[in-house]
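Colleague: Before I rely on the terms used for this protein, I should like each one set against its rule. May we go through them in turn?

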Amino acid sequence: MLLRSRMAVFAATISLGLWSEASAGGEWPAASTDDYWDKDVTLVAIAPDGTWGVATEPFIGRAIANAIADCKKKYQAKIGCGSRITSVRGGWSLGKRCGDRSIFVAEESLAKAEQAATDRETELRQLYAPDMPPCVRVMAVDPKGDVVAADVADLLRLATQRQDVQSR
């Protein structure tokens, strides 16, 4: 009984904290818009060696299952796909390989995803792997779920073209 009470208090504390963060103008402005929940979830399932699978679905459970299945098509080991995942609703997913290390991020915009990947690379170099080889982009997934150009110049060109088309 004591465990249930503690769990209830914990859940209430987390809920209150999330509610106060959202209402205080924190990191959740997109969740309060009416069309946020209409956007599909893009999920990337990542294996320990950097192999990845991606799926974009309306429901996160289906996205998880399909991303893991996509990863398993490429990954040689029996288990491991989904040892890490990223997810975003209506946003960008990026992946980089730096030698034997992987950096995968998911953010609401391409600029935020690029910044998150750069921040993680900097953190890895400063704290864990100062001699880490240069990072190379291995994947990028746009908000529609399309895997797009691996080259950053092509990626930026595609994003700019889409923004120009949407603003017309």
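Colleague: What joins the side chains of threonine 51 and aspartate 49?

Modeller: A polar contact of 2.7 Å joins them. The term covers a pair of N or O atoms within 3.5 Å; within protein, one must be able to donate a hydrogen and the other to accept it, and residues adjacent in sequence count only if both atoms are side-chain atoms. Please note that this is a predicted model, in which local features need pLDDT of at least 70 and side-chain atom pairs count only at pLDDT 80 or more, while totals for chains, interfaces and linings use all residues. Residues are numbered from 1 along each chain as its sequence is written, and side-chain values use heavy atoms, with hydrogens and water left out.

Colleague: Why is threonine 51 counted as buried or exposed?

Modeller: Its relative accessibility is 16%, and threonine 51 therefore counts as buried. The rule calls a residue buried under 20% relative accessible area, exposed over 50%, and partly exposed in between, with a 1.4 Å probe and protein chains only. Threonine 51 lies in the loop between β1 and β2. Leaving aside neighbours within four places in sequence, threonine 51 is in contact (heavy atoms within 4.5 Å) with Ala45, Ile46, Cys71, Lys74 and Tyr75.

Colleague: What makes β1 and β2 a pair of strands?

Modeller: Strands pair if DSSP finds at least two bridges between them. Here 6 bridges join β1 (residues 41-46) to β2, and the two run antiparallel. Threonine 42, for instance, stands opposite threonine 56 in β2. The hairpin has 5 residues between the strands, and glycine 50 takes a positive phi near 95 degrees. As for the names, helices (H or I, at least four residues) and strands (E, at least two) are DSSP runs, numbered from the N terminus. By that rule the protein chain has 4 helices and 6 strands, in the order α-β-β-α-β-β-β-α-β-α.

Colleague: Why is strand β2 described as largely enclosed by the rest of the structure?

Modeller: The description holds because 6 of the 6 residues of β2 (residues 52-57) are buried. Both faces are covered: Trp52, Val54 and Thr56 are buried on one side, and Gly53, Ala55 and Glu57 on the other. Across the protein chain, buried residues make up 34% of the 168 residues.

Colleague: How do you know which class of exposure aspartate 40 belongs to?

Modeller: At 31% relative accessibility, aspartate 40 falls in the partly exposed class. Aspartate 40 lies in the loop between α1 (2-23) and β1. Not counting residues up to four places away in sequence, aspartate 40 touches Thr56, Glu57, Pro58, Val88, Arg89 and Gly90. The C-alpha atoms of aspartate 40 and arginine 89 are separated by 5.6 Å, although these residues are 49 residues apart along the chain.

Colleague: How do you know that cysteine 71 and cysteine 81 form a disulfide?

Modeller: The rule asks for a pair of cysteine sulfur atoms within 2.5 Å. The S to S distance of cysteine 71 and cysteine 81 is 2.2 Å, and a disulfide is assigned. Cysteine 71 lies in helix α2 (residues 60-74) and cysteine 81 in the loop between α2 and β3 (84-89), so the pair ties together parts that are 10 residues apart in sequence. Both cysteine 71 and cysteine 81 are buried.

Colleague: How many disulfides does the rule give, and what makes the link of cysteine 98 and cysteine 135 one of them?

Modeller: The count comes to 2 disulfides. Cysteine 98 and cysteine 135 qualify with an S to S distance of 1.8 Å. Their link is right-handed, with 105 degrees about the S-S bond. Cysteine 98 lies in strand β4 and cysteine 135 in the loop between α3 and β6 (136-141), so this pair ties together parts that are 37 residues apart in sequence. At 0% relative accessibility, cysteine 98 counts as buried.

Colleague: Which residues have the most contacts inside the largest nonpolar core?

Modeller: They are Leu94, Ile103, Val105 and Met132, in a core of 15 residues. A nonpolar core is a set of buried Ala, Val, Leu, Ile, Met, Phe, Trp, Tyr and Cys residues joined through side-chain atoms within 4.5 Å. The elements giving two or more residues to this core are β4 (92-98), β5 (101-107) and α3 (110-128). The largest share, 5 residues, comes from α3. A second, separate core of 9 residues includes Ala45, Ala55, Ala63 and Cys81.
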